[in-house]
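Subject: Handover of a structure and the findings from it

Dear colleague,

Please find below the structure that I am handing over to you. I would ask you to keep it open while you read the notes that follow.

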Amino acid sequence: MNEQMRGHKKIFLTFLLCISLLCWAGCAVFNGSYGRLMINDEVRAHFESFNVGGYVYYISGTDVEPRAIVGVDKNEPFDQGLWKQRSFTRDTLEESVRNMQVKASSVGLRLYGFDITDSTGKKVGIWYSVQDSTSAISRDKEGRLVVTTPPLDVYDRAPRWKTFSY
């Protein structure tokens, strides 16, 4: 191998090493500052048994057909943002959950329960919605939990089999 080829090989390997380090650092920063939604059947059962204990509740969307319902731990500081706080009773939670079920099933979707965890993995709340609902979970400068609301079109996302035509 001549000297010019060795020089190109060193530059290429250095470039690959730099790209790899940047990707690793980016993943570490991203994963270190955001929480997650993690599917949990116990949370789904919590909502579908209309249990109102243990959380402060918020909805996104209309009172009749929420796009999502979240329950935030009572001891957790929360930046409400676009969420609407609801003081659910068993009956009003049942009404909201049933309306969400009807809406979701009418467009071929299912509802799921999720744990809301912060960037350290600590469970800070619960979430109920269709699986496609996405959210960013973080902390603001004051340490309050920030949870973005789901997309406006969450019920308009028909499953692929419904959009397929012959």
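Which residue in S7 stands opposite alanine 68? The partner is serine 129. Before going further, please note that this is a predicted model.

The strands around S7

Strand S7 covers residues 123-130. Strand S3, residues 66-73, pairs with S7 in the antiparallel sense, and five bridges join the two. Strand S6, residues 111-117, is also antiparallel to S7, with seven bridges. One of the pairings between S6 and S7 sets glycine 113 against tyrosine 128, its bridge partner in S7. S6 and S7 together form a hairpin, with five residues between the two strands. Glycine 121 lies in that turn and has a positive phi of about 95 degrees. Seven of the eight residues of S7 are buried, so this strand is largely enclosed by the rest of the structure.

The larger set of aromatic residues

The structure holds seven aromatic pairs. In one of them, the ring centres of phenylalanine 47 and tyrosine 57 are 6.2 Å apart and the planes stand at 80 degrees; the pair is therefore edge-to-face, as angles over 60 degrees count as such. Phenylalanine 47 belongs to helix H2 (residues 41-48) and tyrosine 57 to strand S2 (residues 55-61), so this pair ties together parts that are 10 residues apart in sequence. Both phenylalanine 47 and tyrosine 57 are buried. These two residues also belong to one aromatic cluster, which is formed by Phe47, Tyr55, Tyr57, Phe88 and Tyr128.

The nonpolar cores

The largest nonpolar core has 20 residues, and those with the most contacts inside it are Phe47, Tyr57, Ile69, Val97 and Val130. At least two residues of this core come from each of H2, S2, helix H3 (90-106) and S7. The most, four residues, come from H3. Beyond its neighbours within four places in sequence, valine 97 is in contact with Phe47, Glu48, Phe50, Ile69 and Tyr128. Apart from the largest core lies another, of 14 residues, among them Tyr58, Phe78, Phe114 and Leu145.

A residue to look at: phenylalanine 50

Phenylalanine 50, one of the contacts of valine 97, lies in the loop between H2 and S2. Is phenylalanine 50 buried or exposed? Its relative accessibility is 8%, and because buried means under 20%, phenylalanine 50 counts as buried. Its phi is positive, about 60 degrees, although this residue is not a glycine. Most residues other than glycine have a negative phi.

The open sheet and a second aromatic pair

Three strands form an open sheet with mixed pairing, in the order S4-S9-S8. Its edge strands are S4 (78-79) and S8 (137-139), each of which pairs on one side only. S4 and strand S9 (residues 145-147) run parallel and are joined by two bridges. Here phenylalanine 78 stands opposite leucine 145 in S9.

Phenylalanine 78 also forms an aromatic pair with tyrosine 58; this pair is tilted, with 4.6 Å from centre to centre and 45 degrees between the planes. Since tyrosine 58 lies in strand S2 and phenylalanine 78 in strand S4, the pair ties together parts that are 20 residues apart in sequence. Tyrosine 58 and phenylalanine 78 are both buried.

With kind regards

Conventions. Residues numbered from 1 in each chain as written. Predicted model: local features only at pLDDT ≥ 70, side-chain atom pairs only at ≥ 80, totals over all residues. Heavy atoms only, no water. Pairing = 2+ DSSP bridges. Phe/Tyr/Trp six-rings, centres within 6.5 Å; stacked < 30°, edge-to-face > 60°. Buried < 20%, exposed > 50% of the residue type's maximum accessible area, 1.4 Å probe, protein only. Core = buried A, V, L, I, M, F, W, Y, C linked by side-chain atoms within 4.5 Å. Contact = heavy atoms within 4.5 Å.
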